[in-house]
Amino acid sequence: MENQRAVAVLRELLRLEQCNVAVRLVESTVFISRASTQLQRAITAFASASVKYCESLTELIRELGGEPGPRGGNLSSADFHFMELSIALPRLLSGHESLVRYYRAGAAKLGDLPDISAIVARIADEHQQELSTIREIHSAHAA
């Protein structure tokens with residue numbers, strides 16, 4: 001795969017990572033009830049991991065001779081302010097499902113660059129683990 005195509009895939013993953021719902025929830029002024037403290041701890045961990053994923057993607061882009069594009073933003077999350085955290089749980093779940101799907105597709109597109117594909121696949125696996133945690137919390141809130 002030529003580097004430009006690989007850079008384009010990595011830039012798209014970086015943009016999606018920058019729009020991660022968990023990051024936006026941490027940036028927002030959400031209301032955290034006692035029932036949502038476990039969710040809040042998980043979201044804080046997910047957001048911290050997202051920063052590391054962005055750093056890894058940026059490094060890969062630069063190694064391939066590219067530059068990251070403009071920072072992505074999640075404009076659909078403006079309503080998070082002053083919302084009870086558990087209300088955002090379905091959007092967090094949906095967002096992580098999308099992240100896993102896009103990272104898996106990105107890893108497949110980068111198959112002829114095995115080192116880079118492996119890093120993208122590892123991030124997909126970590127998002128999959130986060131997704132499992134979100135599903136567990138979602139089930140607990142639904143009960």
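Axes here are lines fitted to C-alpha atoms, for helices over the stretch in contact, and angles run from 0 to 180 degrees between N-to-C directions. The model is predicted: local features need pLDDT of at least 70, side-chain atom pairs count only at pLDDT 80 or more, and totals for chains, interfaces and linings use all residues. Residues are numbered from 1 along each chain as its sequence is written, and side-chain values use heavy atoms, with hydrogens and water left out.

**Exercise 1. Describe how α3 packs on α4.**

Solution.
Step 1. Helices are DSSP runs (H or I, at least four residues), numbered from the N terminus. Helix α3 covers residues 37-63, and α4 covers 89-109.
Step 2. Two packed helices are described by the angle between their axes and the distance between the axes. For α3 and α4 the angle is about 30° and the axes are 13 Å apart.
Step 3. Angles under 35 degrees count as roughly parallel, over 145 as roughly antiparallel, 65 to 115 as roughly perpendicular and the rest as oblique. The pair α3 and α4 is therefore roughly parallel.
Step 4. A crossing is left-handed if the near helix is turned anticlockwise from the far one by less than a right angle, and right-handed if clockwise. The crossing of α3 past α4 is left-handed.
Step 5. Contact means heavy atoms within 4.5 Å. From α3, Leu39, Ile43, Phe46, Tyr53 and Leu57 meet Leu89, Leu92, His96 and Tyr103 of α4.

**Exercise 2. Repeat the description for α1 and α4.**

Solution.
Step 1. The two axes come within 10 Å and cross at roughly 165°.
Step 2. α1 and α4 are therefore roughly antiparallel to each other.
Step 3. α1 also passes α4 in a left-handed crossing.
Step 4. On the α1 side, Val9, Leu13, Leu16 and Glu17 meet Leu99, Tyr102, Tyr103, Gly106 and Lys109 in α4.

**Exercise 3. Compare the reach of α3 with its expected span.**

Solution.
Step 1. The expected span is 1.5 Å times one less than the number of residues.
Step 2. With 27 residues, α3 reaches 39 Å from its first C-alpha to its last, close to the expected 39 Å.
Step 3. Just after α3, Gly65 has a positive phi of about 85°.

**Exercise 4. Find the elements that build the largest nonpolar core.**

Solution.
Step 1. A nonpolar core is a set of buried Ala, Val, Leu, Ile, Met, Phe, Trp, Tyr and Cys residues joined through side-chain atoms within 4.5 Å. Buried means under 20% relative accessible area, with a 1.4 Å probe and protein chains only.
Step 2. The largest such core has 23 residues, and Leu10, Leu57, Tyr103, Leu110, Ile116 and Val120 have the most contacts inside it.
Step 3. Two or more residues come from each of α1 (3-18), α3, α4 and α5 (114-142).
Step 4. The most come from α1, which gives seven.
Step 5. A second, separate core of 18 residues includes Ala42, Phe46, Val100 and Ile134.

**Exercise 5. Place His96 and Ile134 and list their contacts, leaving out residues up to four places away in sequence.**

Solution.
Step 1. His96 is found in α4, and Ile134 lies in α5.
Step 2. His96 is buried, with a relative accessible area of 0%; for Ile134, also buried, the value is 0%.
Step 3. His96 touches Asn20, Ala22, Phe46, His127, Glu130, Leu131 and Ile134.
Step 4. Ile134 is in contact with Phe46, Leu89, Leu92, Leu93 and His96.

Note on methods:
Buried means under 20% relative accessible area, exposed over 50%, partly exposed in between (1.4 Å probe, protein chains only).
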